[in-house]
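Ready to practise reading a protein model? Work through the exercises below with the structure open beside you, and try each task before you look at its solution.

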Amino acid sequence: MKHNEAIPPCLTVPSRRRSDEAAVQAWERSDVKELQGFQRKYLRGLAHGFKPVVFVGQKGVTDALILSMEEALDTHELIKVKFLDFKEKEAKQTLSEELESRTDSCLAGIIGHVAIFYRPQKDSKKRQITVPKTRQDLA
């Protein structure tokens with residue numbers, strides 16, 4: 001079977017995910033944007049060549065760290081945060097969730113000691129990154 005041929009219905013597996021239309025509707029009406037898996041993957045791909053702009057040291061999440069992260073998100077929309085003194089996966093996950101909630105951003109993923117955060121610009125004219133709303137938008 002060639003790559004561009006249609007897959008016969010007998011070979012398709014029913015998806016347990018929400019339909020793309022439902023995902024778009026949920027995205028448009030929600031105040032806090034929760035990213036779908038394909039959107040997180042897209043953002044991780046965009047962030048691949050980026051260097052971390054915020055570093056979390058031994059003090060953990062402080063007000064100065066939140067201000068620094070807010071400033072970086074306002075400037076770049078998509079940033080990497082590096083954990084210097086936290087080696088346990090659970091600690092990095094907990095800190096990332098706290099950073100996500102306090103900065104009103106979305107966690108795109110944690111790879112090693114680096115977390116990727118995304119928050120779109122409030123002014124739609126200044127947005128640099130357009131996150132695809134459906135899987136078909138990726139093509």
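## Exercise 1: The strand 4 side chains

Val 114, Ile 116 and Tyr 118 point one way from strand 4, while Ala 115 and Phe 117 point the other way, and all are buried. Keep in mind that you are looking at a predicted model.

**Task.** Find out how many residues of strand 4 are buried, and which residues stand opposite Ala 115.

**Solution.**

Step 1. Start with the cover over the strand. Strand 4 is mostly covered, with 5 of its 5 residues buried.

Step 2. Now look across from Ala 115 towards strand 3. Ile 110 is the residue that stands opposite Ala 115 there. Strand 3 and strand 4 (residues 114-118) run antiparallel and are joined by 5 bridges. Another pair in this set is Cys 106, whose bridge partner in strand 4 is Tyr 118.

Step 3. Turn to strand 2. Here Val 81 stands opposite Ala 115. Strand 2 and strand 4 also run antiparallel, with 5 bridges joining them.

Step 4. Follow the chain from strand 3 into strand 4. The two form a hairpin with 2 residues between them, and Gly 112 in the turn has a positive phi of about 65°.

## Exercise 2: The whole sheet

**Task.** Work out in what order the strands of the sheet lie, and which strands stand at the edges.

**Solution.**

Step 1. Recall the general idea: strands of a sheet pair through backbone hydrogen bonds, either parallel or antiparallel.

Step 2. Put the strands in order. The open sheet has 4 strands in the order 1-2-4-3, and the pairing is mixed.

Step 3. Read off the ends. Strand 1 (54-56) and strand 3 (106-111) each have a single partner strand, so one side of each is left without a neighbour in the sheet.

Step 4. Add the twist, which averages 25° from one strand to the next.

Step 5. See what packs on the sheet. Helix 2 (residues 37-46) touches strand 2, strand 3 and strand 4, and its direction makes about 65° with that of strand 3.

## Exercise 3: A buried lysine

**Task.** Locate Lys 80, then find which backbone oxygens its side chain reaches.

**Solution.**

Step 1. Place the residue: Lys 80 sits in strand 2 (residues 78-83).

Step 2. Check for a charged partner. Lys 80 is buried but has no salt bridge, and the nearest side chain of opposite charge, Glu 77, is 17 Å away.

Step 3. Look for backbone oxygens instead. The Lys 80 side chain reaches that of Ala 47 at 3.2 Å and that of His 48 at 3.4 Å.

Step 4. Widen the view. Leaving aside neighbours within four places in sequence, the residues in contact with Lys 80 include Phe 50, Pro 52, Val 54, Val 114 and Ile 116.

## Exercise 4: Salt bridges

**Task.** Count the salt bridges, and find which residues are joined into one network.

**Solution.**

Step 1. Begin with the principle: side chains of opposite charge can pair when their charged atoms come close.

Step 2. Take the count, which comes to 4 salt bridges.

Step 3. Examine Asp 63 and Arg 102, whose closest N and O atoms are 3.1 Å apart in their salt bridge. Asp 63 lies in helix 3 (residues 63-76) and Arg 102 in helix 4 (residues 89-103), so this pair ties together parts that are 39 residues apart in sequence. Asp 63 is exposed because its relative accessible area is 56%, whereas Arg 102, at 37%, counts as partly exposed.

Step 4. Stay with Arg 102. It also forms a salt bridge with Glu 98, with the closest N and O atoms 3.5 Å apart. Both residues lie in helix 4, 4 residues apart, about one turn of the helix.

Step 5. Connect the pairs: salt bridges that share partners join Asp 63, Glu 98 and Arg 102 into one network.

Step 6. Finish with Arg 119 and Glu 70, a salt bridge whose closest N and O atoms are 2.8 Å apart. Arg 119 lies in the segment after strand 4 and Glu 70 in helix 3, so the pair ties together parts that are 49 residues apart in sequence. Arg 119 is buried, at 6% relative accessible area, and Glu 70 is partly exposed, at 23%.

Terms used. Residues numbered from 1 in each chain as written. Predicted model: local features only at pLDDT ≥ 70, side-chain atom pairs only at ≥ 80, totals over all residues. Heavy atoms only, no water. Buried < 20%, exposed > 50% of the residue type's maximum accessible area, 1.4 Å probe, protein only. Lys, Arg positive; Asp, Glu negative; His and termini not counted. Polar contact = N/O pair within 3.5 Å; in protein donor to acceptor, adjacent residues only side chain to side chain. Contact = heavy atoms within 4.5 Å. Pairing = 2+ DSSP bridges. Axes fitted to C-alpha atoms, helices over the stretch in contact; angles between N-to-C directions.
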